[in-house]
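Colleague: I am new to reading models like this one. Could you pick a single part and take me through it closely?

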Amino acid sequence: MRRATAIVVLVLALAAAAVPAAQAQDRPGRAWQSLTPEERWRAWENYQRYQQMPEQRQRMLERRHEQFRALPPQERDRLRQNYDTYRGFDPGQRRQFIEKYHRWKGRK
Amino acid sequence: MRCQRAQQWMAAAVDGELASRRRRALDGHLAACAACRRELAVTDRMLGALEALPMEAPVSAGLEQATLRRVRLAAADEAERAPGNGWRSWFPLPAFAVVTAAVLVLAVGIARRTGEVPAPVAVGSPSRAPGQPMAEARTPARPKTRVAEAPLPPEPPAKLAQAPDLFMDLPILRNMDKLRHFEAIETTTLDDEPGTPDGQEPPSNG
């Protein structure tokens, strides 16, 4: 009985761990046709930036994209909000944040 | 444009977040100013390396602070010896790059000594092929800020059509490390003296 319970718990845990990844795989991204002209232009600009990156960095970004898609919606929203804040920084604030980031990364 | 303004815009340019008009102005300045081109390349490589670097070995706050103090003293000595360097004499980023490089070298050295990092970390250029000379890798090969000159094609390239989200979210993906730990980074202190006494826990991850 105890063994059966342990197996059930294990199966449930594995299923719970597999769900986000599977959802990320299954969740269709937005189609190109559904983007607004402004969004298309922004995607095109970023595509050109991506094309200029070394292949290793491109692969890293693709891995991050998969990770990002696998995140819970709240976490994705948090990152987007943080990005909006970061984007709103003036040059001085941004430079200070990057300096803090270097410092924080060194301590980590 | 003066170097001072160019320096202010570089971080945004590296993140791909500079507005088109400013980017063109910055590009114009970079085309004529070798010092700023070098600065941009250093900033770019440093941020790229930091984002990609797994920090496998903890460095104690005491050791870090001692290293930072020594590097800053050395940088101050150097600045005193060369007083007529214009914006370079007060702009903090180059000195900061030196400090960061010192911390990185220290951390990577410790990590490699403990055997936790399996391969050498190419801080200078992650794309450098094995055996490629370092001097060549140091050369800024790609004008990062020159994009979107080409018009939007009627049919997008296959990769773009397949996964437009990847490219829509590219700035977030590039800055993902910063954004995940945004709050912890914001609360990090920049003083020479650590915010916590030596030996205490570093800032949390999140």
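Modeller: Let's look at two helices of chain B in this predicted model. Helix α1 covers residues 3–14 of chain B and helix α2 covers residues 20–32 of chain B; their axes come within 10 Å and cross at roughly 120°. That angle is over 115 but not over 145, so α1(B) and α2(B) count as oblique to each other. As for handedness, α1(B) passes α2(B) in a left-handed crossing.

Which residues make the contact? From α1(B) come A6(B), W9(B) and A13(B), while α2(B) brings R22(B), R23(B), L26(B) and H29(B). Sorted by character, the residues of this contact are four nonpolar, one polar and two charged. If you want to find the place on your screen, start at W9(B) on α1(B) and look for L26(B) on α2(B), both of which take part in the contact.

Now a word on confidence. Chain B has an average pLDDT of 66, and 48% of its residues score at least 70. Over residues 114–145 of chain B the pLDDT is below 50, although this stretch still has 42 contacts in the model beyond near neighbours in sequence. Residues 193–206 of chain B also stay under 50, with 26 contacts beyond four places in sequence. Where pLDDT is low, the predicted coordinates should not be read in detail. For the complex, the predictor gives an ipTM of 0.74 and a pTM of 0.48.

Key. Residues numbered from 1 in each chain as written. Chains lettered and ligands numbered in written order. Predicted model: local features only at pLDDT ≥ 70, side-chain atom pairs only at ≥ 80, totals over all residues. pLDDT = per-residue confidence, 0-100. Contact = placed C-beta atoms within 7 Å. Axes fitted to C-alpha atoms, helices over the stretch in contact; angles between N-to-C directions. Helix = DSSP H or I, 4+ residues; strand = E, 2+ residues; numbered from the N terminus. Parallel < 35°, antiparallel > 145°, perpendicular 65-115°, else oblique. Left-handed = near helix turned anticlockwise from the far one by under 90°. Nonpolar A, V, L, I, M, F, W, Y, C, P; charged D, E, K, R; others polar.
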